[in-house]
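Biologist: I'm new to this one, so could you walk me through it? Let's have it on screen first.

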Amino acid sequence: MSEQAKSDVLFDYPEHTRVGRQVPKRRIIDAAKPGKQVRELLTRQVEKIVWQNKLAPETLNLPATRSVPEIQIFRVSLKQEGLGDDLSEEVLRCIDSAIGFPILFEVIGADNQVRLVANYKRPSEAQAGKWVSVGDFFASGWQPVEAERRVLPVALNLGVLYEECLRHLMPLPPRSGESMVALLERISQIRAIERELVKIQAALEREKQFNRKVQINSNLRRMRSKLESLR
């Protein structure tokens with residue numbers, strides 16, 4: 001899963017948006033049709049999945065948009081039997097792909113700690129009724145379930161609300177006029193360069209020949225300059 005956001009955030013969803021309905025894991029498996037490994041991970045890691053809230057025109061008094069007709073809030077509680085305190089991204093993507101709407105996840109881990117997790121989801125341009133997840137998942141830090149929550153961002157419609165919620169989780173703010181898809185692409189490029197820099201630095205430390213060190217250092221400076229231009 002992607003690095004956590006710079007600031008922790010949990011949203012306070014109005015009571016009239018509450019659903020509170022448990023979703024059987026079998027229903028997720030039947031809808032997403034994951035492979036054996038992901039099915040086993042879901043069974044081992046997840047205690048229960050609850051459809052916690054529904055943000056929609058009839059529950060939030062905000063108009064829908066074509067790309068965001070509703071926003072679902074799902075709470076995923078993890079088992080505590082020595083399985084760590086986080087949910088594998090493969091399981092998260094499995095649950096996400098089973099639900100045909102944008103989702104904000106609240107993952108409940110060890111010691112009753114919670115984190116907000118989400119990625120950008122949009123309708124498929126190639127197949128009606130299908131949804132496509134774009135880019136990585138982003139997550140807040142862990143907080144007590146009882147931690148203070150902030151009110152939902154002010155928005156004119158559900159599309160704007162969805163993007164504003166996601167931006168609270170992202171490690172970079174958008175540039176002026178930058179779309180959500182463009183911001184996601186910029187973050188993806190930054191992470192690719194960061195991974196490449198680790199490899200180049202390791203190669204520099206291993207290299208013994210002076211001429212090769214000069215070449216690697218030049219490449220290192222070029223990549224760092226490109227990284228700064230994207231931040």
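Modeller: Sure, and one term before we start: two strands pair if DSSP finds at least two bridges between them. Also keep in mind that this is a predicted model.

Biologist: Good to know. How many helices and strands does the chain have, and what share of its residues count as buried?

Modeller: The chain has 7 helices and 9 strands. Its C-alpha trace spans about 65 × 45 × 40 Å along the principal axes. Of the 231 residues, the share that counts as buried is 45%.

Biologist: Now strand E3. Is it mostly covered or mostly open, and how many of its residues are buried?

Modeller: E3 covers residues 46-55. Buried means under 20% relative accessible area. By that cut-off the strand is mostly covered, and the buried count is 7 of its 10 residues.

Biologist: How many bridges join E3 to E4, and which residue of E4 does Lys48 stand opposite?

Modeller: E3 and E4 (residues 71-78) run antiparallel, with 8 bridges joining them. Within that pairing, the residue of E4 opposite Lys48 is Ser77.

Biologist: And E2, how does it run relative to E3, and which residue of E3 is opposite Val23?

Modeller: E2, residues 18-23, is joined to E3 by 4 bridges, and the two run antiparallel. Val23 has as its opposite number in E3 Ile49.

Biologist: On to helices. How are H1 and H4 oriented to each other?

Modeller: Two packed helices are described by the angle between their axes and the distance between the axes. H1 (residues 25-32) and H4 (residues 89-98) have axes 8 Å apart and pack at an angle of about 80°. Angles of 65 to 115 degrees count as roughly perpendicular, so H1 against H4 is roughly perpendicular.

Biologist: Which residues make that contact, and how many are nonpolar, polar or charged?

Modeller: H1 brings Ile28, Ala31 and Ala32, while H4 brings Cys94, Ile95, Ser97 and Ala98. By class, that comes to 6 nonpolar, 1 polar and no charged residues.

Biologist: What about Lys33, is it buried or exposed?

Modeller: Lys33 is in the loop between H1 and H2. Its phi is positive, about 50°, although it is not a glycine. Exposed means over 50% relative accessible area, so Lys33, at 66%, counts as exposed.

Biologist: Last one: where is Asn112, and what is its relative accessible area?

Modeller: Asn112 is in the loop between E5 and E6. Its phi is also positive, near 60°, in a residue other than glycine. Asn112 is partly exposed, with a relative accessible area of 41%.

Key:
Residues numbered from 1 in each chain as written. Predicted model: local features only at pLDDT ≥ 70, side-chain atom pairs only at ≥ 80, totals over all residues. Heavy atoms only, no water. Buried < 20%, exposed > 50% of the residue type's maximum accessible area, 1.4 Å probe, protein only. Axes fitted to C-alpha atoms, helices over the stretch in contact; angles between N-to-C directions. Parallel < 35°, antiparallel > 145°, perpendicular 65-115°, else oblique. Contact = heavy atoms within 4.5 Å. Nonpolar A, V, L, I, M, F, W, Y, C, P; charged D, E, K, R; others polar.
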